[in-house]
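I opened the notebook on a new chain today. My plan is to go from the whole fold down to one hairpin.

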Amino acid sequence: MSVRISSIANAGEFDRERVVLQIEEDCDLGKYVVFCVRRSGPNAVDSGNVPAAYWFADKPVKKGDVAVLYSKAGKRSEKVSESGHTSHFFYWGRPESIWTAEKRAVLIDTRSYKFAAQ
């Protein structure tokens, strides 16, 4: 996978709460979805219970960049660091904190998904 979750920062602090993603290869971030899932054990999730999901908009990103997904509402933006890497800021638009001790973030690469037949 070209992207990985590096942390959930400031969980429970709504204005600062965010999922931080490290870009490990050049790719289109629009091929990734973050799911908020409920824990069912120390290393397990309740696969039948997905309270929220965020599918990134199409956005070319480069190796070394960072994508930051805030839980709150806001306007997408980016900032280039002195090292030349870009931090891309996204906003989920949730009304309250979602990251608690019983929830986990799961990152899915959707490059092989198929729409259901109608």
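How many helices and strands does the secondary structure of the protein chain come to? I looked at a predicted model, and I found zero helices and 11 strands. Read from the N terminus, the order of elements is β-β-β-β-β-β-β-β-β-β-β. I then checked the radius of gyration, which is 15 Å. The globule rule gives 13 Å for 118 residues, which is close, so the chain is as compact as a globular protein of that length.

Next, overall dimensions. The C-alpha trace spans about 40 × 40 × 25 Å along its principal axes. I noted 35% of the 118 residues as buried. The exposed surface is about 7200 Å², with 49% supplied by carbon and sulfur atoms. I also looked up contacts between residues at least 6 apart in sequence: 56% of them join residues at least 24 apart.

Then I traced a sheet. It is open, has five strands in the order 1-2-8-10-9, and its pairing is mixed. Strand 1 (3–9) and strand 9 are the edges, each pairing on one side only. From one strand to the next, the twist averages 20°.

Last, the hairpin at one of those edges. Strand 9 (residues 77–80) and strand 10 (residues 86–91) run antiparallel, joined by four bridges. Which residue of strand 10 stands opposite glutamate 78? I found histidine 88 there. Five residues lie between the two strands of this hairpin. In the turn I noted glycine 84, with a positive phi of about 95°.

Terms used: Residues are numbered from 1 along each chain as its sequence is written. This is a predicted model: local features need pLDDT of at least 70, side-chain atom pairs count only at pLDDT 80 or more; totals for chains, interfaces and linings use all residues. Side-chain values use heavy atoms; hydrogens and water are left out. Two strands pair if DSSP finds at least two bridges between them. Axes are lines fitted to C-alpha atoms, for helices over the stretch in contact, and angles run from 0 to 180 degrees between N-to-C directions. The radius of gyration is taken over C-alpha atoms; the globule rule is 2.2 Å times the number of residues to the power 0.38. Buried means under 20% relative accessible area, exposed over 50%, partly exposed in between (1.4 Å probe, protein chains only). Contact means heavy atoms within 4.5 Å. Accessible areas come from the Shrake-Rupley method with a 1.4 Å probe; for residues, only the protein chains shown count as cover.
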